[in-house]
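Me: Could you take a close look at one part of this model, the charged side chains that pair with one another, and then set that part in its wider surroundings? I would like one connected account rather than a list.

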Amino acid sequence: MATKDIKNQSAEELKQHLLDLRKEQFNLRMQKGSGQLTQPHQLRRVRRDIARTKFVLGDKK
């Protein structure tokens with residue numbers, strides 16, 4: 001998700017989005033651990049999306 005899209009969301013939406021990203025990150029880590037991860041670039045994408053979301057959330061406070 002692009003930063004400008006994230007900036008347009010409310011704080012509650014950002015918190016929910018962050019929770020969803022954390023769940024996705026957990027699932028990807030479990031897939032990696034069991035050797036079932038077919039697209040390793042997804043880990044990087046999710047990690048960066050989490051950072052973007054936390055950055056914008058901090059700006060909104």
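**A network of charged side chains**

Reply: With a relative accessibility of 34%, Arg45 counts as partly exposed, a class that lies between buried, under 20% relative accessible area, and exposed, over 50%, when a 1.4 Å probe is used and only protein chains are considered. Arg45 belongs to helix 3, where helices are DSSP runs of H or I with at least four residues, strands are runs of E with at least two, and both are numbered from the N terminus.

Before going further, some ground rules are needed. This is a predicted model, in which local features need a pLDDT of at least 70 and side-chain atom pairs count only at pLDDT 80 or more, while totals for chains, interfaces and linings use all residues. Residues are numbered from 1 along each chain as its sequence is written, and side-chain values use heavy atoms, with hydrogens and water left out. The pLDDT, which is the predictor's confidence in each residue on a scale from 0 to 100, averages 92 over the protein, and 100% of the residues score at least 70. Among the elements, the lowest mean, 84, belongs to helix 1 (residues 3-7), and the highest, 95, to helix 2 (residues 11-33).

The protein as a whole holds 3 helices and 0 strands, so that, by the DSSP rule for such runs, its elements read α-α-α from the N terminus on. The C-alpha trace spans about 40 × 15 × 15 Å along its principal axes, and of the 61 residues, 28% count as buried.

Now to the pairs themselves. A salt bridge is taken here as a side-chain nitrogen of Lys or Arg within 4 Å of a carboxyl oxygen of Asp or Glu, and by this rule the count comes to 3. One of these joins Arg45 to Glu24, with the closest N and O atoms 2.5 Å apart. That pair links distant parts of the chain, since Arg45 sits in helix 3 (residues 41-60) and Glu24 in helix 2, with their positions 21 residues apart. Glu24 is itself partly exposed, at 30% relative accessibility.

Arg45 also meets Asp49 in a salt bridge, at 3.4 Å from N to O. Arg45 and Asp49 are 4 residues apart in helix 3, which means a separation of about one helical turn. Asp49, in contrast to its partner, is buried, with a relative accessible area of 4%. Asp49 in turn forms a salt bridge with Arg52, whose closest approach, N to O, is 2.7 Å. Here the spacing in helix 3 is 3 residues, again about one helical turn, and Arg52 is partly exposed at 32%. Through their shared partners, the salt bridges join Glu24, Arg45, Asp49 and Arg52 into one network.

Some charged residues gather outside these pairings. Lys32, Arg44, Arg47 and Arg48 form a patch of positive charge on the surface. Such patches are made of residues with over 30% relative accessible area and no salt bridge, like charges being joined within 9 Å and nonpolar side chains (Val, Leu, Ile, Met, Phe, Trp, Tyr) within 5 Å. The accessible areas come from the Shrake-Rupley method with a 1.4 Å probe, and for residues only the protein chains shown count as cover. Lys and Arg count as positive and Asp and Glu as negative, whereas His and the chain ends are not counted, and the place of a charge is NZ of Lys, CZ of Arg, CG of Asp or CD of Glu. Helix 3 gives the most to this positive patch, with 3 residues. Arg44 is in helix 3 and is partly exposed, at 49% relative accessibility.

A few distances help to place these residues. Between Arg45 and Lys15, which are 30 residues apart in sequence, the C-alpha separation is 18 Å. Leu28, found in helix 2 and buried at 10% relative accessibility, has its C-alpha atom 8.5 Å from that of Pro40, 12 residues away along the chain. Gly58, placed in helix 3 and partly exposed at 43%, lies 35 Å from Ser34 by C-alpha atoms, with 24 residues separating the two along the chain.
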